[in-house]
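The following exercises are to be worked through with the sequence and the coordinates at hand. Each task is followed by a solution set out in steps.

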Amino acid sequence: MPVVPATVKVEREAYALNEGTTKEFDYDLFVIGGGSGGLGAARRASGDYKKKVGIVEETAVLGGTCVNVGCVPKKVMWYAADVLEKIHAGPAYGHHIDTKAIPSFAWKEFKDKRDAYVRRLNGIYESNCKKDKVEYLTGHARLLSKHELEIDQPGGEKKKVSAEYIVIATGGRPTIPKNIVGANEHGITSDGFFDLEEQPKRVVVVGAGYIAVELAGIFNTLGSETHLVIRYDKVLRTFDPIIQDTLTSHMSKSGVHIHKNTQVTKITSSESNPDLTRPSPKTVEFDDGTSIEADTVLFAIGRHSNTDDLGLDTVGIQTNDKGDIPVDKYQKTSVDNIFALGDVAGKALLTPVALAAGRRTSNRLFGPEKFKDDHLDYDNIPSVVFSHPPCGSVGLTEPEARKKYGDDQIKIYKTSFTAMYTHVWSPDEREPTAMKLVCVGPEEKHQVVGVHLIGMGSDEMTQGFAVAVKMGATKKNFDDTVAIHPTSSEELVTLR
C-alpha cells in the first residue's frame with residue numbers, strides 16, 4: 001500500500017467532531033490502523049454513540065489490506081478470470097466462438113480500471129469518517145503510556161494525543177522467507193501482485209494456502225504458465241479433506257503445474273536490481289536439485305502482524321511466539337483500556353471478523369446496557385476460497401470433529417457430481433462439485449457441525465448454510481427443507 005513520503009505534509013479540510021464525554025483525555029477512543037477493524041470500531045463509537053474518536057493510518061489511504069491489496073482487488077481479478085472461463089464455455093452452449101482467436105488479456109488496461117475502483121473506495125472510506133465525525137490522521141503511532149500516543153506525521157511533525165480507550169488494529173503483512181537465497185531481491189508477495197504492470201508469461205507461486213491458490217488460479221486462467229510449489233502433497237491443508245483432494249486434483253487437471261513435497265532454495269536472475277512490477281527472466285531452484293525458468297516469483301507463505309515500533313513494551317503488552325497480540329474474548333490486551341483486533345490479534349484473519357470485532361468492542365464500551373457483554377464468537381466463522389472452482393467452509397472439518405467428539409459420535413454425509421452447467425462440456429473440461437456435511441450426536445439428533453463445499457456457486461451458497469450451522473441446525477432440519485431445483489445447493493438438503 002502507498003506510504004506517504006516523510007517530507008510530504010498531509011492537510012485535510014477540518015470538520016466538526018463530537019464533543020464526547022471524556023474531560024481528562026483528548027478522545028474517548030483512539031484507533032491505530034485504518035483498516036476494516038479499526039474503522040468498524042471508530043465509526044460505531046462516533047457515528048452511533050457520539051463519542052469523540054480519532055483514527056490514525058500509516059499508509060496514504062484508508063481501507064487496510066482488504067480494500068487495497070486483498071479481498072477487493074483480488075475478487076475483481078477473479079471476476080476477470082471467471083469471465084474468460086465463461087467465454088471458453090461458449091462453444092459448448094452453441095455460441096460459435098473461435099476460442100483460439102480470443103485476444104490476450106489486457107492486463108495493464110484492466111489494472112487501471114481495478115485501481116480506479118479501489119481509489120473510489122478509498123474516497124468513500126474517508127468521506128464516511130467525515131460523515132461520522134471521526135478525526136482522520138496520517139502517520140505512525142506508538143504508545144507512550146496506557147492513555148497516550150505519539151504520532152510521527154508526514155512532514156516531520158510529531159503529535160501527541162491521549163484517549164480513555166485505545167484500539168490497536170494495525171493488521172498484518174505478507175512474509176518473505178529469509179532462508180531462500182534471492183527471495184527478497186527477486187520475489188514478490190500478494191501485495192506485489194497488485195503492482196504488476198504486465199502479465200507474466202511464466203509464474204511461480206510458492207505456498208499452499210488460500211492466497212497462493214487464488215492467485216495461482218487467476219494467473220493460470222488468464223493464460224500464464226503457472227507453477228505452484230507446495231511443501232506437502234495437497235493445497236489448503238487447514239480445510240476439510242474433501243476440499244483439499246478435489247481442488248488439488250482439479251488444479252493439476254486445469255493446467256497448473258503443482259510441484260508437491262518441494263521447496264524453493266534459490267532464485268537468481270541475470271538482471272541486477274530488477275523492476276519487480278514487470279516480468280523479467282529468473283531461475284528458480286528446488287531442493288531436489290531441479291530448476292525452472294520464470295518471469296515472476298510470488299511468495300504466499302503466510303502473514304505476520306504489524307507490531308513494529310508500536311511502543312507495546314512501554315505499556316507492558318507482550319506479543320506471543322507468532323508475533324501477535326494476545327487478547328481475551330473482549331479483545332482486551334493485558335492493559336485494561338487497550339484493545340487489539342483484526343489480524344494483529346492473530347485469530348481468524350478475515351475482514352468481516354475484524355469488522356465485527358471492532359463494532360462489538362465499541363458497542364460494549366459505549367453502547368446501551370444490552371451490549372455490556374457484546375463480543376465476537378469465533379466459533380463457526382464461514383470462509384470462502386476464490387479458487388477455480390470456488391470453495392466454501394463453515395464449522396469443523398471431519399478430522400477436527402473426530403478429534404473433538406470421537407469417531408463413534410460422527411456421521412458424514414457427502415456427495416460428488418458434475419454440476420448441470422458443465423454437463424454439456426467435454427468430459428475432460430468439466431469442473432468438479434463436492435459437498436460434505438459433518439454431523440455429531442445420535443442419529444435422531446444429528447447436529448450439523450460442519451459444511452464443506454467446492455464447485456460453482458459454493459462461494460454464495462456458504463453464507464446461507466453458515467446461518468444454519470450457527471443456529472445449531474440438525475440433519476433433520478436440512479432434510480425437512482424443500483429443495484430448490486435444479487441447483488447444486490439442493491444436494492445439501494437431500495443427502496442420505
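The exercises below concern a predicted model and go from the whole chain to single residues.

**Exercise 1. Overall dimensions**

Task: Determine whether the radius of gyration of the chain agrees with that of a compact globule.

Solution. Step one is the expectation: for 496 residues, a compact globule would have a radius of gyration near 23 Å. Step two is the value for the chain, which is 24 Å. The two therefore agree. Step three adds the extents along the principal axes, where the C-alpha trace spans about 70 × 65 × 45 Å.

**Exercise 2. Composition, burial and contacts**

Task: State how many helices and strands the chain has, and describe its burial, contacts and surface.

Solution. The chain contains 13 helices and 22 strands. Next, burial: 51% of the 496 residues are buried. Then the contacts: of those between residues at least 6 apart in sequence, 66% join residues at least 24 apart. Finally, the surface: about 23400 Å² is exposed, and 50% of this area comes from carbon and sulfur atoms.

**Exercise 3. Charged side chains**

Task: Count the positive and negative side chains and give the distance between the centres of the two sets.

Solution. The counts are 60 positive and 68 negative side chains. The centre of the positive set and the centre of the negative set are 3 Å apart.

**Exercise 4. Cysteines**

Task: Explain why Cys391 is not bonded to Cys71.

Solution. Begin with the criterion: a disulfide requires two cysteine sulfur atoms within 2.5 Å. The closest cysteine sulfur to that of Cys391 belongs to Cys71, and it lies 16 Å away, so the separation is too great for a bond. The disulfide count for the model is zero. The surroundings of these residues can then be compared with the cut-offs, under 20% for buried and over 50% for exposed. Cys391 is buried, because its relative accessibility is 1%. Cys71, at 33%, is partly exposed.

**Exercise 5. Leu121 in its helix**

Task: Locate Leu121 and decide whether this residue is buried or exposed.

Solution. First, Leu121 belongs to helix α4, which covers residues 107-131. Second, its relative accessible area is 14%, so Leu121 counts as buried. Third, once neighbours within four places in sequence are set aside, Leu121 is in contact with Val67 and Val72. Fourth, a spatial comparison: Glu148 is 27 residues from Leu121 along the chain, and their C-alpha atoms are 31 Å apart.

**Exercise 6. Cis peptide bonds**

Task: Describe the peptide bonds from His388 to Pro389 and from His485 to Pro486, and place each proline in the chain.

Solution. For the bond from His388 to Pro389, omega is near 5°, and the bond is cis. Pro389 is in the loop between β18 (383-385) and β19 (391-395). For the bond from His485 to Pro486, omega is near -5°, and this bond is also cis. Pro486 is placed in the segment after α13 (475-479).

**Exercise 7. Positive phi outside glycine**

Task: Give the phi values of Lys133 and Asp309, then the location and accessibility of each residue.

Solution. Lys133 is not a glycine, yet its phi is positive, about 65°. This lysine sits in the loop between α4 and β3 (134-138). With a relative accessible area of 34%, Lys133 is partly exposed. Asp309 likewise has a positive phi, near 55°. Its place is the loop between β16 (303-305) and α9 (312-315). Asp309 has a relative accessible area of 45% and is thus partly exposed.

Note on methods: Residues are numbered from 1 along each chain as its sequence is written. This is a predicted model: local features need pLDDT of at least 70, side-chain atom pairs count only at pLDDT 80 or more; totals for chains, interfaces and linings use all residues. Side-chain values use heavy atoms; hydrogens and water are left out. Helices (H or I, at least four residues) and strands (E, at least two) are DSSP runs, numbered from the N terminus. The radius of gyration is taken over C-alpha atoms; the globule rule is 2.2 Å times the number of residues to the power 0.38. Buried means under 20% relative accessible area, exposed over 50%, partly exposed in between (1.4 Å probe, protein chains only). Contact means heavy atoms within 4.5 Å. Accessible areas come from the Shrake-Rupley method with a 1.4 Å probe; for residues, only the protein chains shown count as cover. Lys and Arg count as positive and Asp and Glu as negative; His and the chain ends are not counted. The place of a charge is taken as NZ of Lys, CZ of Arg, CG of Asp or CD of Glu.
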